[in-house]
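Trainee: Could you take a close look at one part of this model with me? I would like to see how that part sits within its surroundings.

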Amino acid sequence: MASGDVAGLVRLDERGWRRGMTNLMRAGFGAWWRTSTWWVQALLWTAVINGSLAVVIWGDAPDDVSAFTLFGVMTMFAAIAVAIVMQEAIVGEKRSGTAAWVLSKPTSRTAFMLSKLVPNAVGALATMLVIPSAATLLHLAVAGVEVSPLRFALGVTVAALNLLFYLTLTLMLGTLFNGAGPVIAVPLAFAFGQQLLGPAVTAYLPWSLVVPVGGAESSVIGAIIGGEPVETSAAIVVTAVACVVFTVVAFWRWARTEL
Amino acid sequence: MGEGELVVATDALTKSYGGVDAVKALRLEVPRHSIFGFLGPNGAGKTTTMKMLLGLIRPSGGTGSIFGLDIVRDSPEIRARIGYLPQDPRFYEHMSARETLRFAAGFFFSGPAAGIDARVERMLALVGLEDKADRPIKSFSGGERQRLGIAQAQIHEPELLILDEPAAALDPLGRRDVLAILEGFRETSTVFYSTHILDDVQRVSDTVCILNKGEIAAQGSIGDVLAGGDEIAYAVEVRGDVGRARAALLAQAWVTEVSVAARGDAATLRVTVTDPEPADAHMQRVLLEDESLVVTQFRRETTDLERIFIDLVEGGHDG
């Protein structure tokens, strides 16, 4: 076979599960950072989160605890939005044929799935959580609300876990279904249905990370940022384990998917 | 791999869905440097076969090899040497044609961007998309997507091109151009392409396989397949007493069948014979012995792929 006729080009020699990874990752990150997606999402969530907080912070009766809890609630909307943004990542590519096209190239299915997981996770976390949260920290400082940057960062980390829960759930559903309906409906139904299960169950679910349950004053995020005791920390473990399980199932299923 | 060797070979390759065989015990043989036309009506199993060769779906049974490598076990190595055009090519819509080709090239090459770009430019010129290179793909017509699909499949100058209906979405001029491109690949590659446009196959293919209901109905060089339709027939237009003409012809030992399509006092006789020599020498004479008959046209029917295809697909090769 001809090896590049232009000086300097060399045939790639990637092997195994890493085959095609560099190229796919470059494209995956490019879809976020070389298009308008990143600044549109960053602007949108900075405005949504900080606009909501402004009502509490700059209102007639400023309340720090309410502000921290509200911050957690608003990050939940970002997490749910991830499910909407991500639903096309696998199902859309299966239906349009781009997945089959890409996998007709010398690349592994593991590399393909990683290129959906990592760039989308980084892109969503950065634009829908980290950048808006940095603006929130500045916002709180300007408003004179005392908050420890370390505790705030820990709170944002828990919000990131919640976001990853919906991202990996959506990714997994994309490998299990061929239609967009269930892929978008299941995360939305789960997101809002958790509160109906009763505090004994909800305390172990991602809901309690962002919304106070069972008579608690704060959510996990609100408590961490406010320096209060965290009453439902088991939800952190459950959410983290669920993220791992969803990811493993997604990779397992994708390896067996016929396109 | 030398001349005359097989690039693609399958043995009893089968794909079943829910107990129904979409592809049944396929034994494909694609010679090196051939332009292999993979023919069949819609639903015959052409795309399923191509996807099995590409490792996109797993065979239910049988084996297949490309370049001597197993299509299941060695799929990534095979795909490094193949270019593929899907039936309805779709690419990432946020990319332009140039970005799509860079992306495709990125699976095969590393090195300076200038080197990749030079290759991309060459492919854009090959398919005539230079002036649309930086337009978003979402604004592309079906024909432009098809051209881009051919360019991305050829970006690494593969040893084998697998093209699923490469000319289906094109107008006649676009089809002509695509066929010319395919012919140009003959020197360097093997082209395995599916189509249901029989004219295209007869124009550019040297080897064909006709697939019907998941089974091979015929396979071989174009010459062999055409020869397989070994019926020798003549079309004779006559005026006069057609019944007497038919009877006179059927009295000849070398005539096997005469069918009549009447139009007023004229008719076209389709005469099938066992041997063209006596037919060429005597058929018109036999007819003209009857002075009431006038022969206005006499020609031997040429066997074309369309007739063979229809005979094979409709003529009981449906097991």
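Mentor: Happy to. Let's begin with the wider setting: buried residues make up 51% of the 259 residues in chain A. Please keep in mind throughout that this is a predicted model. Chain A contains eleven helices and one strand, and reading along its sequence gives the pattern β-α-α-α-α-α-α-α-α-α-α-α. Along the principal axes, its C-alpha atoms fill a box of roughly 75 × 40 × 25 Å. Of its contacts with a separation of 6 or more, 75% involve residues 24 or more positions apart. The accessible surface of this chain is about 10900 Å², with 68% of that area belonging to carbon and sulfur atoms. As for charge, chain A has 14 positive and 13 negative charges, whose mean positions are 22 Å apart.

Chain B is built from eleven helices and 16 strands. The radius of gyration of chain B is 25 Å, well over the 20 Å that the globule rule gives for 319 residues, so this chain is more spread out than a compact globule. Its C-alpha trace spans about 85 × 45 × 40 Å along the principal axes. Half of chain B, 50% of its 319 residues, counts as buried. Contacts that join residues at least 24 apart make up 68% of those between residues at least 6 apart in sequence. About 13600 Å² of chain B is exposed, and carbon and sulfur atoms supply 47% of that. Here the mean positions of the 34 positive and 48 negative charges are 5 Å apart.

Now for the close look. The part I would choose is helix α3 of chain B, residues 97-105. This helix is mostly covered, with seven of its nine residues buried. Those seven are B:Ala97, B:Arg98, B:Thr100, B:Leu101, B:Phe103, B:Ala104 and B:Ala105. When you follow them around the helix, one point is handy: an α-helix has 3.6 residues a turn, so residues three or four places apart point the same way.

What do these buried residues of α3(B) pack against? Part of the answer lies in the other chain: α1 (21-33) and α4 (98-103) of chain A are among the partners. The rest comes from chain B itself, namely β8 (109-110), α4 (113-126) and α5 (142-154). When you inspect the model, do check the chain letter, as an α4 of chain A and an α4 of chain B both appear in this packing.

Chain A has its own α3, which covers residues 64-96 and holds A:Gln87. With a relative accessible area of 16%, A:Gln87 is buried, because the cut-off is under 20%. Leaving aside residues up to four places away in sequence, A:Gln87 touches A:Gly92, A:Thr170, A:Ala180, A:Val183 and A:Ile184.

Let's turn to the nonpolar packing. The largest nonpolar core has 156 residues, and B:Ile66 and B:Phe192 have the most contacts inside it. Apart from it lies another core of 20 residues, including B:Val238, B:Val271, B:Val273 and B:Met283. The neighbours of B:Phe192, not counting residues up to four places away, are B:Leu28, B:Val30, B:Phe36, B:Phe38, B:Met50, B:Leu53, B:Leu160, B:Leu161, B:Ile162 and B:Leu163.

Two loops of chain B also deserve a look. B:His33 is in the loop between β3 (29-31) and β4 (35-39). Its phi is near 60°, a positive value in a residue other than glycine, and at 18% relative accessibility B:His33 counts as buried. B:Phe67 sits in the loop between β5 (61-66) and β6 (69-70). The phi of B:Phe67 is near 55°, again positive in a residue other than glycine, and B:Phe67 is buried at 10% relative accessibility.

One last stop is B:Ser16, in strand β1 (residues 6-17) of chain B. B:Ser16 is partly exposed, with a relative accessible area of 24%. Beyond residues up to four places away in sequence, B:Ser16 touches B:Asp21, B:Ala22 and B:Ser60. Its C-alpha atom is separated by 23 Å from that of B:His196, 180 residues apart along the chain.

Notes: Residues are numbered from 1 along each chain as its sequence is written. Chains are lettered from A and ligands numbered from 1 in the order in which they are written. This is a predicted model: local features need pLDDT of at least 70, side-chain atom pairs count only at pLDDT 80 or more; totals for chains, interfaces and linings use all residues. Side-chain values use heavy atoms; hydrogens and water are left out. Helices (H or I, at least four residues) and strands (E, at least two) are DSSP runs, numbered from the N terminus. The radius of gyration is taken over C-alpha atoms; the globule rule is 2.2 Å times the number of residues to the power 0.38. Buried means under 20% relative accessible area, exposed over 50%, partly exposed in between (1.4 Å probe, protein chains only). Contact means heavy atoms within 4.5 Å. Accessible areas come from the Shrake-Rupley method with a 1.4 Å probe; for residues, only the protein chains shown count as cover. Lys and Arg count as positive and Asp and Glu as negative; His and the chain ends are not counted. The place of a charge is taken as NZ of Lys, CZ of Arg, CG of Asp or CD of Glu. A nonpolar core is a set of buried Ala, Val, Leu, Ile, Met, Phe, Trp, Tyr and Cys residues joined through side-chain atoms within 4.5 Å.
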